[in-house]
Amino acid sequence: MGWNLITGIEVGNWVAERVQGNYHDDDSEAIGLEREGKIIAGVIYENYNGRSIFCHLAVERMNKVFLNAIFDYPFMVCDVKQIYAPTLSDNHRQIKILYKMGFVEESRLIDSDDNGDLIFFKLEKKNCKYIRS
């Protein structure tokens, strides 16, 4: 069966469960990676304003095809200048993944959650290493 890129409500719900959020498919886009019929990675894009977009990411495993797809959508299709990824400060695995992808910490809401700070990470189009030319 292999690895397959998928979209749709099932991806959005899968990501939302893992980031303690909700998925509304009427104003969001979800892109996922499936292996042997099981979702193993996904991203929800929302709050597009023409210049930027927010993403919520959940990953068990991923590959380069998934990385190319999840950055092609905001930067090439939506033509945004930056992506923001809000993440709780106790989510160390997520923070490590975001840094590896090239995101940097933009701002922090101190003690805004029972589990710590809410950190806003940002990736600018000019710094994204996964955009295919």
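In this predicted model, C78 is buried, with a relative accessible area of 13%. The closest cysteine sulfur to that of C78 belongs to C55. The two sulfurs lie 12 Å apart, too far for a bond. C128 is in no disulfide either. Here, too, the nearest cysteine sulfur is that of C55, at 11 Å. C128 is buried, its relative accessible area being 11%. A disulfide would require sulfur atoms within 2.5 Å. Across the whole structure, the search returns 0 disulfides.

Salt bridges were examined next. The count is 9. Side chains of opposite charge can pair when their charged atoms come close. One such pair is K38 and E60, whose closest N and O atoms are 3.7 Å apart. K38 sits in strand 3, which covers residues 38–46. E60 falls in the loop between strand 4 (52–59) and helix 2 (64–77). The two residues are 22 positions apart in sequence, so the pair ties together separate parts of the chain. E60 is partly exposed, at 37% relative accessibility. K38 and E60 also belong to a network of salt bridges, linked there with E17 and R18.

A further salt bridge joins K126 to E124, with an N to O distance of 3.8 Å. K126 is exposed, at a relative accessible area of 70%. E124 counts as partly exposed, at 22%. The cut-off explains the label: buried means under 20%, so E124 falls outside that class.

E105 and R108 form another salt bridge, at 3.0 Å from N to O. E105 is partly exposed, with a relative accessibility of 34%. R108 is likewise partly exposed, at 33%.

The side chain of R108 has a second partner. It makes a polar contact with the side chain of D117, at 2.9 Å. D117 lies in strand 7, which spans residues 116–124. At 13% relative accessibility, D117 is buried. Its contacts, leaving aside neighbours within four places in sequence, include T87, L88 and S89. R108, L109, I110, D111 and S112 are also in contact with D117. R108 thus appears in both pairings: a salt bridge with E105 and a polar contact with D117. Of these residues, D117 is buried, whereas E105 and R108 are partly exposed.

Terms used
Residues are numbered from 1 along each chain as its sequence is written. This is a predicted model: local features need pLDDT of at least 70, side-chain atom pairs count only at pLDDT 80 or more; totals for chains, interfaces and linings use all residues. Side-chain values use heavy atoms; hydrogens and water are left out. Helices (H or I, at least four residues) and strands (E, at least two) are DSSP runs, numbered from the N terminus. Buried means under 20% relative accessible area, exposed over 50%, partly exposed in between (1.4 Å probe, protein chains only). A polar contact is a pair of N or O atoms within 3.5 Å; within protein, one must be able to donate a hydrogen and the other to accept it, and residues adjacent in sequence count only if both atoms are side-chain atoms. Contact means heavy atoms within 4.5 Å. A salt bridge is a side-chain nitrogen of Lys or Arg within 4 Å of a carboxyl oxygen of Asp or Glu.
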